[in-house]
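Q: I've got a model open and I'd like to learn how to read it. Can you walk me through it?

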Amino acid sequence: MNDSELKKLLLETCPVRPGQESRAWSALREQLSHAGQTHSGWSWLYYPTWRGLALAAVALTLIPILGNFVAGRLEPVALATADSQSPGIYATAFYSRSAQAQVVWLNGMDPATDKPTYLDPTTVVAGETETPQPAGDPNSL
Amino acid sequence: MVDTSPDYLQRLRSGEETAWGDLHRDHYPRLWSSVQRILNNPTMADDVVQEAFIKAHRDIRRFEGHSQLGTWLYRIAINQALDTIRKKQRTDRWLSFLSPLADDENQPAMPEGSVAPTVSTGLENRELRETIFEAMGELSVEHRAVVQLRLVDEMSLEETAQFLRCRPGTVNSRLHYACEHLRRKLAKQKKATGSET
């Protein structure tokens with residue numbers, strides 16, 4: 001059997017079954033109508049594409065850099081201010097020797113004591129009977 | 001044939017449904033049969049041909065009309081089929097690595113009506129076609145692809161090698177092996193038929 005006879009026989013294999021073409025066209029038409037709707041100029045923004053991924057990578061790199069650059073030039077935004085000369089939240093700060101800590105007392109709080117009530121009970125606090133520690137940073141806890 | 005007339009192309013580019021319907025009707029049977037001969041899996045062939053049309057729909061603006069529209073579409077479908085095979089082979093390698101039994105599930109399917117009906121030809125030809133279909137199924141997908149591209153489509157040696165990403169010598173040796181296999185099976189079938197009668 002020569003090549004042309006073989007080819008002729010091969011061409012007769014794998015025929016399309018009756019109705020197959022129309023079924024395939026129905027399925028394809030549905031797909032194409034979806035494709036037509038989604039392929040607007042900006043569809044790459046909201047559909048996962050390589051282009052979108054590249055853009056996201058660039059954005060994720062640039063946004064922190066630009067944010068840092070801009071933030072460095074802006075005044076920090078304060079959530080609360082205290083001014084001793086005007087009504088509002090007053091704060092007084094002092095160093096407590098017995099607590100060995102810098103205490104910030106906000107106006108409106110219960111009167112402060114010089115006992116370190118905020119410390120964990122198990123924490124050993126240097127008592128007054130102990131030998132005084134060498135002077136370090138007074139603001140350090 | 002309205003294949004690459006500017007008017008027809010314009011209708012395709014504008015996404016006109018009737019134009020795409022005509023294209024599908026004209027080219028689907030040949031594309032599906034060719035892809036099925038390579039894949040030997042009708043479900044995969046359905047998917048591949050559909051994907052090829054979707055790609056064509058997406059890329060029709062890039063088609064400049066240097067070749068026939070059918071040829072362009074055929075290339076998309078064959079490339080899609082070969083890509084599908086490569087992906088499947090990669091997946092199969094992983095599956096066989098994970099579970100050696102998975103190989104048994106990937107045997108090629110033998111669809112009903114896989115050979116043409118015998119309306120115009122005799123019983124002997126039908127048997128020959130069934131034999132050749134079965135013999136094609138026994139070949140590896142690389143061999144089937146060579147048979148389809150080189151023997152059936154009569155692509156050049158270089159073009160076939162380029163399509164299949166192998167050397168021209170490999171194409172020749174695969175074609176020789178595949179044709180010998182098909183001839184041997186056909187001869188065996190003829191001999192069996194002759195001994196029966």
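What follows is a short back-and-forth on chain A, the contact between the chains, and two helix pairs.

Q: Before we start, what sort of model is this?
A: It's a predicted model, so keep that in mind throughout.

Q: Let's take chain A, then. Which elements make up its secondary structure, and in what order do they run?
A: Chain A has four helices and two strands. Reading from the N terminus, the order is α-α-α-α-β-β.

Q: How much of chain A counts as buried?
A: Just look at the percentage: 4% of the 141 residues in chain A are buried. You can also check sequence separation. Take the contacts in chain A between residues at least 6 apart in sequence; 13% of those join residues at least 24 apart.

Q: On to the contact between the chains. How many residues does each chain put in?
A: Chain B brings 34 residues and chain A brings 23 residues. On the side of chain B that touches chain A, at least two residues each come from α2 (17-39), α3 (42-59), α5 (123-138), α6 (141-152) and α8 (168-196) of chain B.

Q: Which helix gives the most to that side of chain B?
A: That's α2(B), with eleven residues. By class, the side of chain B that touches chain A has 18 nonpolar, nine polar and seven charged residues.

Q: Now helix packing. What two numbers describe a pair of packed helices?
A: The general idea is that you give the angle between the axes and the distance between them. Here, α2(B) and α3(B) pack at about 140°, and their axes are 9 Å apart.

Q: Why is α2(B) called oblique to α3(B)?
A: It's that angle of about 140°. Roughly antiparallel starts over 145 degrees, so this pair counts as oblique. The crossing of α2(B) and α3(B) is right-handed.

Q: Which residues meet there?
A: From α2(B), they include B:Trp20, B:Tyr28, B:Leu31 and B:Trp32; from α3(B), B:Met44, B:Val48, B:Ala52 and B:Phe53 are among them. The contact of α2(B) with α3(B) splits into 13 nonpolar, three polar and no charged residues.

Q: How about α6(B) and α7(B): at what angle do they cross?
A: At roughly 145°, with the axes of α6(B) and helix α7 (residues 157-164) of chain B coming within 10 Å. The crossing of α6(B) and α7(B) is right-handed.

Q: And which residues of α6(B) and α7(B) meet?
A: B:Ala145, B:Val146, B:Leu149 and B:Arg150 in α6(B) face B:Thr160, B:Phe163 and B:Leu164 in α7(B). By class, that contact of α6(B) with α7(B) has five nonpolar residues, one polar and one charged.

Terms used:
Residues are numbered from 1 along each chain as its sequence is written. Chains are lettered from A and ligands numbered from 1 in the order in which they are written. This is a predicted model: local features need pLDDT of at least 70, side-chain atom pairs count only at pLDDT 80 or more; totals for chains, interfaces and linings use all residues. Two residues are in contact if their C-beta atoms, placed from the backbone, lie within 7 Å. Ala, Val, Leu, Ile, Met, Phe, Trp, Tyr, Cys and Pro count as nonpolar, Asp, Glu, Lys and Arg as charged, and the others, Gly among them, as polar. A residue is buried if 20 or more other C-beta atoms lie within 10 Å of its own, exposed if 12 or fewer, and partly exposed in between; C-beta atoms are placed from the backbone. Axes are lines fitted to C-alpha atoms, for helices over the stretch in contact, and angles run from 0 to 180 degrees between N-to-C directions. Angles under 35 degrees count as roughly parallel, over 145 as roughly antiparallel, 65 to 115 as roughly perpendicular and the rest as oblique. A crossing is left-handed if the near helix is turned anticlockwise from the far one by less than a right angle, and right-handed if clockwise.
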